Amino acid sequence: MKRTVMQRDIPFLPEEIITSILIRLPVKRLIRFRCVCKHWKNLFKTPSSIVEHLHHSTHQNPSLLFEDKEDRSRLRLCYREMQVLRVQSEPFIGSVRRSHIVDSCNGLLCIIDKNYSLYLWNPAIRDFGRVPKSINWFESDDYYLGFGYSAIVNDYKIVKIYVSRSDGDLVSLVEVYSLRTGSWKEVDCDSLDGVTISSNGFNTNGNGAIFWSGLQVGVEKDGEGDIDLIVLFDIATESFCLISAPTSAFTYSGYGNGLAIYENKLAVLSHTLSENLESSLVDLWVLDEDWEQWTKIYTSSPYAGLRLLPVTIWKDQIICDVTDLPEVIAETKTRVENDVHKNVMSSLTTNEFRMFGIHKDGKACHGYDIFSYAESLVPVSNFHIEWS
Amino acid sequence: MSSSVEAITVLSSDGDEFKITVSAAKLSKPLNWMLEDVCFSDDCDEVPTIEVNSKTLVKVIEYCEKHAPRANSGASDSDAEELKKWDIEFMKMDVKDILFHILMAANYLHMEGLYDLACQTAADLMKGMTVSQIRKIFHIKNDFSSEEQEQLRRQHPGCSFD
């Protein structure tokens with residue numbers, strides 16, 4: 001006789017256990033299961049459940065987002081053990097060529113298009129919104145952008161730091177957009193007097209702050225007195241603070257250094273070439289919570305044959321772009337010409353290197369910009385309504 | 001507390017007796033308290049009852065005994081790897097059968113590791129289920145009116161209520 005388990009044998013689970021199960025589901029399934037009942041439809045619209053889901057997603061399933069430098073609408077998501085997924089682009093993003101990601105935070109992407117319009121986009125729930133024009137609207141790229149979140153004020157902010165091209169690229173004006181209020185405002189930037197932002201464009205966000213690499217321009221004309229530093233924007237207080245760089249290897253003009261967040265702290269990734277130019281290695285520096293003391297916590301073993309350009313940290317791996325070393329161009333040429341774009345991971349725990357590749361789909365590829373990403377249910381279009 | 005005690009006897013909600021070692025019981029705060037209470041009294045003739053049925057308690061104790069050495073001493077990475085594999089085998093159970101009982105027990109006994117594991121297992125099982133299968137296992141009624149269903153279908157083409 002076939003034995004069937006009756007439905008009555010399955011216990012009724014209390015609400016808290018059901019929620020614990022649901023936060024472990026990918027966003028796509030959660031959306032599908034909205035149709036189960038009215039209660040489930042609204043379950044993941046409450047701020048507390050969105051935060052709970054985000055917390056789980058960030059810690060259990062941190063991913064990397066690869067944005068093709070050549071065709072910015074091509075996004076690849078890398079998760080778990082380097083499984084790769086194509087991210088469906090929104091039609092509006094696909095149609096706007098040369099748009100690119102400013103930064104990624106809590107599952108939201110801040111995007112700028114070729115007309116200098118800004119968008120916020122949550123690819124997981126396919127929610128997006130256009131950011132209104134800022135107060136000082138210049139159709140130029142004489143500014144640097146940053147995007148981040150502060151739990152203290154529970155708000156996402158976009159920062160626009162204008163520099164004056166006629167005045168040695170020094171910071172001239174700062175505007176901040178708040179997703180909560182839906183508006184821009186000018187903020188005080190006196191502390192950035194004599195400071196310029198690195199055009200290498202490495203910025204990152206985490207722990208309630210946005211970071212850029214910068215330079216305090218010295219009094220002497222020959223640039224002798226210039227000081228490399230990191231510009232920090234505190235999202236809650238909307239104020240700037242300057243932090244000295246940990247090492248001379250991390251310079252304003254430094255090619256292929258990275259800013260990242262490691263264990264909730266600001267980290268600087270710098271690379272060094274060996275004397276014979278045949279290998280390179282990566283250092284990881286971490287800033288303490290008072291934003292005062294740098295500590296070098298890791299140095300990779302030397303990697304022969306390629307120059308490692310550290311980009312970000314993912315789980316316990318330093319993710320690096322690679323380029324040829326001057327001494328070994330002939331040998332590496334073959335690697336660059338095949339169908340896969342190569343990156344290198346350096347493990348912080350085992351000190352081993354691993355090469356991984358993202359397929360280019362037969363198209364030309366000049367590499368990827370890489371962002372930390374965790375899918376979330378954070379709304380864009382109704383943010384101020386849902387969270388107020 | 002007598003240090004010679006290595007295991008205690010507990011009763012399931014069905015009234016069956018089970019032995020659990022001291023180190024395994026430490027994985028659960030309530031069990032640990034029970035253990036201390038039992039061991040403090042000289043005549044241990046009172047057997048504490050755990051509000052978990054026999055079938056589930058067998059599994060819970062099995063999990064505790066397996067995880068106890070690592071939880072109490074810490075272990076190497078290879079042990080962690082082995083334990084991970086064991087967890088996967090351990091969790092090969094049917095949602096209709098025992099998984100939800102394990103979830104309730106892990107919640108009741110404050111066993112974080114087992115609770116996380118069971119939640120993840122349930123979530124993984126749900127990924128392959130239809131909406132009506134989900135309603136069945138969670139005892140949920142479809143309370144959308146046909147108008148509301150129609151409206152949702154219009155807003156989200158492709159969504160299914162079955």
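**Exercise 1. Sort the residues of strand 2 of chain A by the way they point from the strand.**

Solution.
- A:Leu75, A:Leu77 and A:Tyr79 point one way. A:Arg76 and A:Cys78 point the other way, and all are buried.
- Buried means under 20% relative accessible area, exposed over 50%, and partly exposed in between (1.4 Å probe, protein chains only).
- In a regular strand, side chains alternate between the two faces of the sheet.
- 5 of the 5 residues of strand 2 of chain A are buried, so the strand is largely enclosed by the rest of the structure.

Ground rules: this is a predicted model, where local features need pLDDT of at least 70 and side-chain atom pairs count only at pLDDT 80 or more, while totals for chains, interfaces and linings use all residues. Residues are numbered from 1 along each chain as its sequence is written, chains are lettered from A and ligands numbered from 1 in the order in which they are written, and side-chain values use heavy atoms, leaving out hydrogens and water.

**Exercise 2. Place strand 2 of chain A in its sheet and trace its partners.**

Solution.
- Fix the terms. Helices (H or I, at least four residues) and strands (E, at least two) are DSSP runs, numbered from the N terminus. Two strands pair if DSSP finds at least two bridges between them.
- Read the order. Chain A has an open sheet of 4 strands, ordered 3-2-1-26, with antiparallel pairing.
- Find the edges. Strand 3 (83-87) and strand 26 (368-373) of chain A each have a single partner strand, so one side of each is left without a neighbour in the sheet.
- Check the twist. Neighbouring strands are turned by 25° against each other on average, direction ignored. Axes are lines fitted to C-alpha atoms, for helices over the stretch in contact, and angles run from 0 to 180 degrees between N-to-C directions.
- Take the strand 1 side. Strand 1 (residues 63-68) and strand 2 (residues 75-79) of chain A run antiparallel and share 4 bridges. A:Leu64 has A:Cys78 as its bridge partner, and A:Glu67 stands opposite A:Leu75. A hairpin of 6 residues joins the two strands.
- Take the strand 3 side. 5 bridges join strand 2 of chain A to strand 3 of chain A, again antiparallel. A:Leu77 is bridged to A:Leu85. This hairpin has 3 residues between its strands, and A:Arg80 in the turn has a positive phi of about 45°.

**Exercise 3. Which strands are the edges of the sheet 8-9-10-11 in chain A?**

Solution.
- The sheet is open, with 4 strands in antiparallel pairing.
- Strand 8 (143-150) and strand 11 (183-187) of chain A pair on one side only, and these are the edge strands.
- Its neighbouring strands are turned by 25° against each other on average, direction ignored.
- Inside, 8 bridges link strand 9 (residues 155-164) to strand 10 (residues 170-178) of chain A. A:Lys157 stands opposite A:Ser178 there.

**Exercise 4. Is A:His53 buried or exposed?**

Solution.
- Locate the residue. A:His53 sits in helix 4 (residues 47-60) of chain A.
- Read the area. A:His53 has a relative accessible area of 1%, so the residue counts as buried.
- List contacts (heavy atoms within 4.5 Å). Neighbours within four places in sequence aside, A:His53 touches A:Ile23, A:Leu25, A:Val27, A:Leu30, A:Phe44, A:Glu375, A:Ser376 and A:Leu377.

**Exercise 5. Compare the settings of A:Glu238 and A:Trp291.**

Solution.
- Most residues other than glycine have a negative phi.
- A:Glu238 has a positive phi of about 55°. A:Trp291 has a positive phi near 60°.
- A:Glu238 is in the loop between strand 15 (227-234) and strand 16 (239-244) of chain A. A:Trp291 is in the loop between strand 19 (279-287) and strand 20 (294-299) of chain A.
- A:Glu238 is buried at 15% relative accessibility, whereas A:Trp291 is partly exposed at 28%.

**Exercise 6. Which residues are buried in helix 4 of chain B?**

Solution.
- Start with the chain. Chain B has 8 helices and 2 strands, running β-β-α-α-α-α-α-α-α-α from the N terminus. Buried residues make up 41% of its 162 residues.
- Measure the helix. Helix 4 (residues 77-90) of chain B has 14 residues and reaches 20 Å from its first C-alpha to its last, close to the expected 20 Å. The expected span is 1.5 Å times one less than the number of residues.
- The buried residues are B:Leu83, B:Trp86, B:Asp87 and B:Phe90. Down the axis they fall within an arc of 105°, so they line one face of the helix. The arc is that of the directions from the helix axis to the C-beta atoms.
- The face turned away carries the exposed B:Asp77, B:Ser78, B:Lys84, B:Lys85 and B:Ile88.
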